[in-house]
Amino acid sequence: MFDFDRWAEIGQSLKQHKLRTALTAFGVSWGIFMLILLLGMGKGLERGTMALYQDTATNSVWINGGKTSQDYKGLTPGRLVNLDIEDIAMLARLPGIDLIGPTKLVNKAYNMQYGQNIGSFQIYGIGAANAGIQKLSLQGGRQINELDERESRKVAVVGTRVVEVLMKNRIDPLGSSILVGGIPFTVIGVYKKALEEQSPNRVYIPYATLRNVFDSSPYINQIALTIAPGHTWASIRPEAVKLLAQRHRFDAQDSAALEIYDISAEVKKLQSLMTGIRLFMVIVGVGTLLAGCVGVSNTMLVTVKERTREFGIRKAIGASPSSILFMVLHETLAITLVAGYLGLLAGVGVIELVRGVGIESDYFRDPQIDLPIALGAIAVLSVAGLIAGYLPARQAVRISPIEALRHE
Amino acid sequence: MRLIHDNKMITVRNLTKSYHVGPITVPVLKGIDFSVEYGEFVAIMGPSGSGKSTLLNVLGILDRYDEGEYILNGTLIKPLSETEAAYFRSRLIGFVFQSFNLLPFKSAIDNVSMPLYYQKVPRRQRDEKARRLLERMGLADRIHHLPTEMSGGQRQRVAIARALVNEPPLILADEPTGNLDSETSEDVMKIFSEINAEGRTLVVITHDEHIAARARRVIRLQDGRITNRNLG
């Protein structure tokens, strides 16, 4: 590989056809460029999609009440299933459930006031455990905790939009009081909007406080829970649904009675989708690369044909078949490796550029090529170069010196 | 391959070769017998189609023969692998062709040193040797020129330097003056005589009786047979 004479020979013969060499090299560069770009962007897609779940424990399950669709003990279908706070206590006793908490949403929007500023926002009551299930990313302050819940404290975690409207972003909202429906609440935290569809318009308060102050009914809108390690929702679900069905009198087989979102299943689905996309991208990328290599092989075949006389002369003056074989292989390998390396650099460059510019959306962020992929690409290139060079090299070896020298 | 100590550069016994053109077999060499002593200068003459180029190709291990024996420098040359053939060509034989057969993209010195490259001689030694030979050929001022920048006579002298560079005991030349005018031919033949005087064996194919006159012996071929059996 580090035989300077060999490299000098290669340089000499490639220089004879600069344009052809450049065009051939471009095919390979383009192939590896596309491969790297596809893989890097694939990574971005994966990260962007997985970021959708960054605020939510990936082992969480969310249960909403639905509408029954089947008869049950003389009861007609079409009844609403209203979950209530007793359900939380009941399900909490099931083995395999780790955190569990309610979400209750006040039906009407309340006016909130700070000084002269007034805005209308949605109030959510959540349990202390919810902080561990839906991990609101806080810009500052803290989450609602056990003590807030137990003492029904009048504290609130508010969205950035709330701070914007009420405080005009001019003062530190933490520790200041806002009036919620005329009742003063202390702002203990501000959450930032992590995702497009997440509203910055919410005010979270302890569930107990909500019940005391705004709505004493036991009904809740949603049960949020996480699965303890070593368990799966699939193993807990039959028992959980059976208990809820008994309490709310619906058929445990009635799938419309409860709306259940199992995040781990969603994540798993997405992960397999991502694996599929990645595989597809590898196939497309390798295909493009292969096309480039076929181009190299083709060009080298033409080159060998054109250089029939040269190979004949070389053989007549003592070149062994293996030296001819390696000469052509080496040439092909040199084109593919140099061109491939340039394509690799260009691909990584574009990806870094996208990263630098910071293009981000719900489904795309932080594209990257990891070292193993780059090394893999180099390995694929070397193999591709050898394969691309083998046929033309064999062709060159088969040239008979007499035929070649007769060939004027 | 078998070692035979017959003390001759070349021994050819009852050598035959045919070409196969489709179903037709065309015999080209129909039983050739001759030998060449070490240090001899032999000319092979004959009309076109007499088989002299085929004979030279066989002698140069560029082509195979069908029957008979060819012993080169004490080694029986019978079907060799490509690698073995390359080895013998590289160690024993220097070729000079009618159309020079220089690589057009290489300078004179690179063309001359190429056989040594295939013998894995280090670059410095290769260049030194090639330079000395080119100087000897009177081409000291053409060392870094490309073949296209040289006259026919100069190109043939580069080709002769290339044939000599690995110091082969045998030089095979196929119409070496065929593309040269008579004056330049004379120069080239003078060089051949010098080479021969140094003790190298020389086998030259030629049409030119003047050239043949310089040889110690002339083998005349006609229709695949040697017609002058008095010598060799």
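**Strands and shape of chains A and B**

User: Over how many bridges do β1(A) and strand β10 (residues 222-227) of chain A pair?
Analyst: Helices (H or I, at least four residues) and strands (E, at least two) are DSSP runs numbered from the N terminus, and two strands pair if DSSP finds at least two bridges between them. One bridge partnership joins A:Trp62 to A:Ala224 in β10(A). The two strands run in the antiparallel sense, and their bridges number five.

User: What pLDDT do local features need in this predicted model?
Analyst: Residues are numbered from 1 along each chain as its sequence is written, chains are lettered from A and ligands numbered from 1 in the order in which they are written, and side-chain values use heavy atoms, leaving out hydrogens and water. The model is predicted: totals for chains, interfaces and linings use all residues, side-chain atom pairs count only at pLDDT 80 or more, and local features need pLDDT of at least 70.

User: How many residues of strand β1 (residues 60-65) of chain A are buried?
Analyst: Buried means under 20% relative accessible area, exposed over 50%, and partly exposed in between (1.4 Å probe, protein chains only). β1(A) also pairs with strand β11 (residues 258-262) of chain A in the antiparallel sense, with A:Ile63 opposite A:Ile260. The strand is mostly covered, and of its six residues the buried ones number five.

User: Which strands are the edges of the open sheet β2-β1-β4-β5 (chain B)?
Analyst: The four strands of this sheet pair antiparallel. Inside the sheet, β1 (residues 10-21) and β4 (residues 67-72) of chain B share five bridges, and B:Ile10 is partnered with B:Leu72. Pairing on one side only marks the edges, β2 (24-36) and β5 (75-76) of chain B.

User: Which residue stands opposite B:Gln222 in β10(B)?
Analyst: β10(B) belongs to an open six-stranded sheet with mixed pairing, in the order β6-β7-β8-β3-β9-β10 (chain B). Strand β9 (residues 217-222) of chain B and β10(B) pair antiparallel over two bridges. Opposite B:Gln222 stands B:Arg225.

User: What is the radius of gyration of chain B?
Analyst: Chain B has seven helices and ten strands. The globule rule (2.2 Å times the number of residues to the power 0.38, with the radius taken over C-alpha atoms) gives 17 Å for 232 residues; chain B is close to that, so it is as compact as a globular protein of that length, with a radius of gyration of 18 Å.

User: What share of contacts in chain B between residues at least 6 apart in sequence joins residues at least 24 apart?
Analyst: A contact means heavy atoms within 4.5 Å. Among the contacts between residues at least 6 apart in chain B, the share that joins residues at least 24 apart is 73%.
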